[in-house]
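Q: Please take a close look at one part of this protein. I would like the surroundings of the ligand, and the sheets and helix beside it, described piece by piece.

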Amino acid sequence: MQTLTAAPPTGTALAVEVTDLRRSYGDFEAVRGISFEVRPGEVFALLGVNGAGKTSALEVLEGLAAPGGGTVRVFGADPVRDRAAVRARMGMLLQSSGLPGDLTVAETVRSWAGTLTTPRDPGQALAQVGLTGRADVRVRSLSGGERRRLDLALAVLGQPEVVVLDEPTTGLDPESRRQVWRLVQDMVDGGTAVVLTTHHLEEAEELADRIAILKAGRIVLSGTQEEIAETQPAVVRFTLDDDAPALPVPDGVQVVAAGPRHEWHTRALQPVLAEVLAWAAEHGVVLRHLQATAASLEQAFLAVAEGRAGDHDEVPA
Ligand SMILES: Nc1ncnc2c1ncn2[C@@H]1O[C@H](COP(=O)(O)OP(=O)(O)OP(=O)(O)O)[C@@H](O)[C@H]1O
């Protein structure tokens with residue numbers, strides 16, 4: 001597959017720099033002071049439940065809205081004040097697009113390419129999102145997933161150095177989703193910086209170098225997916241027969257359920273597991289349905305959503 005190229009950034013090593021960004025709608029503050037940075041060749045994912053403030057933040061990055069407070073810089077430029085300069089280097093995929101339904105797919109891509117300084121070959125762009133066979137179909141006749149892929153082809157048509165993708169794979173089938181992931185990976189390999197939002201945690205796991213989880217307009221957890229997962233305990237579950245001897249609880253275990261189905265939470269999975277296995281062997285006890293699950297991004301996401309993670313103060317990304 002072709003690697004999409006993006007010219008090396010000039011002036012600054014940071015593609016995106018967001019500092020203490022705030023945005024309000026009337027009295028309601030939807031984004032409450034978030035900060036993050038994205039470098040060329042890096043994917044940064046903003047996660048959070050519905051209404052967490054992801055789109056509100058991205059719209060400032062895209063130059064579609066001014067910040068209520070704080071600053072946003074794209075290659076050192078202000079996306080609102082220096083809109084033309086930023087636009088020339090940025091591709092964006094909004095949550096919903098308003099493409100004319102009368103044009104065919106090929107016409108749409110060609111006319112879009114006509115507005116760009118360095119467009120990619122329209123045929124190649126369509127091939128990369130799997131729409132070659134739909135080139136002569138009118139946009140209004142496309143399926144939801146095909147439209148989304150057309151939106152994405154347009155977003156990257158100008159060989160942007162930074163791409164903002166708001167839920168790029170919503171509504172896509174698993175194969176199309178993988179196609180989009182490959183496209184994003186190719187862009188990143190070519191040096192493009194990507195900021196994306198998604199409700200698919202496996203998408204963030206697959207693509208993102210760094211992740212921030214928002215709740216109510218604030219970043220609650222941020223870091224690599226491993227760093228975020230490690231904020232949560234591992235889980236050990238097993239069932240003991242009624243006649244099993246008294247079970248000693250190893251150090252570092254929080255007992256969540258104590259029989260007959262046992263559930264332990266721990267930040268020391270390996271020694272705790274070793275201890276309980278040794279105890280079972282010594283007493284000839286079977287740990288039925290034994291499961292040991294390392295902490296995951298999903299666990300951290302749920303902990304944020306349910307208010308069990310972070311102190312809701314911003315952690316710099
Ligand atoms: N134009 C608006 N006027 C008033 N409130 C708004 C407006 N746009 C968004 N909001 C509110 O701001 C908050 C953040 O919305 P936003 O769309 O940024 O969240 P999100 O994290 O992108 O959610 P989703 O995952 O559902 O797309 C929500 O409570 C939303 O209702």
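A: What follows goes from the ligand shell to the helix and then to the two sheets.

This is a predicted model, in which local features need pLDDT of at least 70, side-chain atom pairs count only at pLDDT 80 or more, and totals for chains, interfaces and linings use all residues. Residues are numbered from 1 along each chain as its sequence is written.

Start with the ligand. Around it stand Tyr25, Phe28, Ala30, Gly48, Asn50, Gly51, Ala52, Gly53, Lys54, Thr55 and Ser56. (A residue is near a molecule if its C-beta atom, placed from the backbone, lies within 6 Å of it.) The shell holds 4 nonpolar, 6 polar and 1 charged residues. Here Ala, Val, Leu, Ile, Met, Phe, Trp, Tyr, Cys and Pro count as nonpolar, Asp, Glu, Lys and Arg as charged, and the others, Gly among them, as polar.

Two elements, β2 (28-38) and α1, each supply at least two shell residues. The largest share, 3 residues, comes from α1. Helices (H or I, at least four residues) and strands (E, at least two) are DSSP runs, numbered from the N terminus.

Now the helix. α1 (residues 54-61) packs on a sheet and touches β3, β6 (162-166), β7 (193-197) and β8. Its direction makes about 150° with that of β7. α1 also lies across β1, β2 and β4, at about 120° to β1. Contact means C-beta atoms, placed from the backbone, within 7 Å. Axes are lines fitted to C-alpha atoms, for helices over the stretch in contact, and angles run from 0 to 180 degrees between N-to-C directions.

Next, the sheet that contains β2. It is open, has 3 strands in the order β2-β1-β4, and pairs antiparallel. β2 and β4 (69-74) are the edge strands with a single partner each, so one side of each lacks a neighbour in the sheet. Neighbouring strands are turned by 25° against each other on average, direction ignored. β1 (residues 16-25) and β2 pair over 8 bridges. Arg23 stands opposite Val31 in β2. Two strands pair if DSSP finds at least two bridges between them.

The other sheet is open too, with 6 strands ordered β5-β6-β7-β3-β8-β9 and mixed pairing. Its edges are β5 (90-93) and β9 (218-223), each with a single partner, so one side of each has no neighbour in the sheet. The twist averages 15° from one strand to the next. β3 (residues 43-48) and β8 (residues 210-215) run parallel over 5 bridges. Leu47 stands opposite Ile213 in β8.

How values were computed: Two residues are in contact if their C-beta atoms, placed from the backbone, lie within 7 Å.
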